[in-house]
Amino acid sequence: MNPLSKISELFSYHFMVNAYAAGTIVAVCAGAIGWFMVLRRQTFAGHTLAVIGFPGASAAVFLGLSVSTGYFVSCIGGAVIIGLLPRGTTGETRVAESAVIGTIQAFALAAGVLFVNLYQGFLNGVTSLLFGSFLGITNTQVVVLGAVCGLATVALAAIARPLLFASVDADVASARGVPVQSLSVAFLVLLGAAVAAASQITGSLLVFAVLVMPAAAAQRLTNNPRRSLVISIAIAVVITWLGLYAAYVSSYPVGFYLTSIGFVIYLLAIGSEYLRSHRPLRTSSIRAHR
Amino acid sequence: MHRPTAHHSNSAPIPIDIDPVIEFSDACVQLNGRTIWSDVSLTISTGEFAAILGPNGVGKSTLVNVALGTYDLHFGTAKVFGHKPGSHRQEIGYLPQRRSFDPSLRIRGIDIVTLGLNGHRWGVPIPRRLRHSGNSESESRVAEVIELVGATSYADRPIGQLSGGEQQRLLIAQSLVQRPRLLFLDEPLDSLDLPNQGSIAALIHHISTTEGVTVVMVAHDVNPILPYLDRVIYIGPGGALSGTPREVITTANLTRLFKTPIEVLTTSDGRLVVVGQPEAPAHHSDRHQHDGVHQDNHLPDPLVLREHRHH
């Protein structure tokens, strides 16, 4: 079938317009915040927040609240708690910390399953909570996503430079008066918001499709941080647009397409990096030794 | 529009001729109830190149952290630029104890240096294209300081993929980029090979004289820097001593300080030799011309510390 007519057909459905609006909002926010998450090596924290979102969302449904509310309250709440946990600097306490977080992850998933079972007749929703869904995104949800993601992105822009400084060079940043510890908590809260927003498209378990994959690919494509941040956002948007289209024209879940497209882009980025580093005279080396 | 010096501090501008730059009297630091050092009194004057020396684990970095305002004193007083430490952060450059960047970190050397200039500022900088003036003042300062440390050829490469010496040069550029008047370098020569130690030491001396910066360097091996030093602060198990190298480095002083027999000998050409200090491997330093920029502490003769195993 002609893809162009498919596209015009697609946008004639209100639910698809909502899916694209919500998806784009989420992609921009997650592409930017995910870039910092990858740079800061906090993917484990990101994954934990996503897993905490699952019981939050299922509890919200059980209590008769919106799924959106459940995600945002649990992810942002979880981020505040993780951010305020006392943090050691030695390797030993890091290991202990990761064990604590792993324990919490398992418990959160189990609690989510409990809420789903308590709420009879909701069992079909488990798949969409965990692996994503683009059906039934309401107008209200789009507005809420727009407001939260807009706020989070603006806040990220405001703290971007000190956050970058604190992320790559905490000791010097701290000596220059950058509030490293507060920034770390603030970033976790932003990450919680991004995870909660992304979960509503990708599901709790596949948030990395827009949170990690675009950033990981972008950081392989360029060493210029500003450029790589913009590329990360662009890749997240492309993943979302293509993924929603593929899910619309086929019968397979959207989470599968988002993740697969992200994976392919990541492989392409690795390939292009490999090619560049093995033709040093043509590109990188000349630029580097200018 | 453009201010000649980088005063971004909220506090009132400090007079240029505050002297001494750093002053500790009867200072004592305790961490977790343990006394790190006590009874430390020292002064470092404007434009001096001072070294904090002593064995590992004796609290040399702690002294820098007190001067930076990161740690508080338990007793005594510490003043930097005549004020409480930490009140003039923008006047101070700091190079922490050797940190290496992860090889996978996708940030260029030039970005690390730029962060030293504006990384503490909030908000989004306006891209140059969108500005009317085409103002690239900060970019030219970054390029200038990278040139000063001789890192221009590799500043565009990811910092984690550079050698230790290359990273150290860029980190020195970062600590210098906002034109500090006081520079703290914590073990900048650690884990560098001997030729790099010598060239980085010479670079730091060059910077202290050409940029007029007061330099305080932490070191456990005095050899590469001794020819340039105006002042030494020795910290040992027996307390701390501060003064010119010739005042401090004597048999009686070091033996008392390290609680182990140490002899300081003078060679026939006037150089100092320390014997018996269980420290880093011995090597000769070339004699360097001391240009006598700092009139107050002009050394009569370049000093060389050599360390031998005591027979």
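pLDDT is the predictor's confidence in each residue, on a scale from 0 to 100. That score is a handy place to start, since what follows describes a predicted model. Among the elements of chain B, confidence peaks in strand β6 (residues 182–186) of chain B, with a mean pLDDT of 94, and bottoms out in strand β12 (residues 307–308) of chain B, with a mean of 36. Chain B as a whole averages 78, and 76% of its residues reach 70 or more. For the model overall, ipTM comes out at 0.85 and pTM at 0.82.

Two stretches of chain B deserve some caution. Residues 1–12 of chain B stay under 50 in pLDDT, and the model gives them 17 contacts beyond four places in sequence. The other stretch, residues 278–311 of chain B, also stays under 50, with 84 such contacts in the model. Where pLDDT is low, the predicted coordinates should not be read in detail.

Turning to the interior, the largest nonpolar core has 131 residues. Those with the most contacts inside this core are A:I33 and A:L191 from chain A, along with B:L170, B:I172, B:I225 and B:Y234 from chain B. The element giving the most to the core is helix α2 (residues 14–39) of chain A, which supplies 14 residues. A second core, separate from this one, has 30 residues, including B:F24, B:L68, B:I92 and B:V216. In soluble globular proteins, nonpolar side chains tend to be buried together.

A couple of helices are mostly covered. In helix α1 (residues 60–68) of chain B, 8 of the 9 residues are buried. The buried set is B:K60, B:T62, B:L63, B:V64, B:N65, B:V66, B:A67 and B:L68, and B:L68 also belongs to the second core. Just after α1(B) comes B:G69, with a positive phi of about 90°. Over in chain A, helix α11 (residues 213–221) has 7 of its 9 residues buried. These are A:M213, A:P214, A:A215, A:A216, A:A217, A:A218 and A:Q219. The buried residues of α11(A) pack against α2, α10 (208–211), α12 (225–249) and α13 (254–277) of chain A.

The outside of chain A has a nonpolar feature too. A:F62, A:L63, A:L65, A:L114, A:L118 and A:Y119 make a surface patch of about 580 Å². One of these, A:Y119, sits in the loop between α5 (91–118) and α6 (125–131) of chain A. A:Y119 has a relative accessible area of 34%, so this residue counts as partly exposed.

A few single residues are also worth a look. A:N139 lies in helix α7 (residues 139–168) of chain A and is partly exposed, because its relative accessible area is 45%. In sequence, A:N139 and A:F15 are 124 residues apart, yet their C-alpha atoms are 9.0 Å apart in space. Leaving out residues up to four places away in sequence, A:N139 touches A:H14 and A:N18.

Finally, there are two residues other than glycine with positive phi values. For A:R41, in the loop between α2 and α3 (43–62) of chain A, phi is near 55°. A:R41 is partly exposed at 48% relative accessible area. B:D39 also has phi near 55°, but belongs to strand β2 (residues 34–44) of chain B. With 58% relative accessibility, B:D39 counts as exposed.

Conventions. Residues are numbered from 1 along each chain as its sequence is written. Chains are lettered from A and ligands numbered from 1 in the order in which they are written. This is a predicted model: local features need pLDDT of at least 70, side-chain atom pairs count only at pLDDT 80 or more; totals for chains, interfaces and linings use all residues. Side-chain values use heavy atoms; hydrogens and water are left out. A nonpolar core is a set of buried Ala, Val, Leu, Ile, Met, Phe, Trp, Tyr and Cys residues joined through side-chain atoms within 4.5 Å. Buried means under 20% relative accessible area, exposed over 50%, partly exposed in between (1.4 Å probe, protein chains only). Helices (H or I, at least four residues) and strands (E, at least two) are DSSP runs, numbered from the N terminus. Patches are made of residues with over 30% relative accessible area and no salt bridge: like charges are joined within 9 Å, nonpolar side chains (Val, Leu, Ile, Met, Phe, Trp, Tyr) within 5 Å. Accessible areas come from the Shrake-Rupley method with a 1.4 Å probe; for residues, only the protein chains shown count as cover. A salt bridge is a side-chain nitrogen of Lys or Arg within 4 Å of a carboxyl oxygen of Asp or Glu. Contact means heavy atoms within 4.5 Å.
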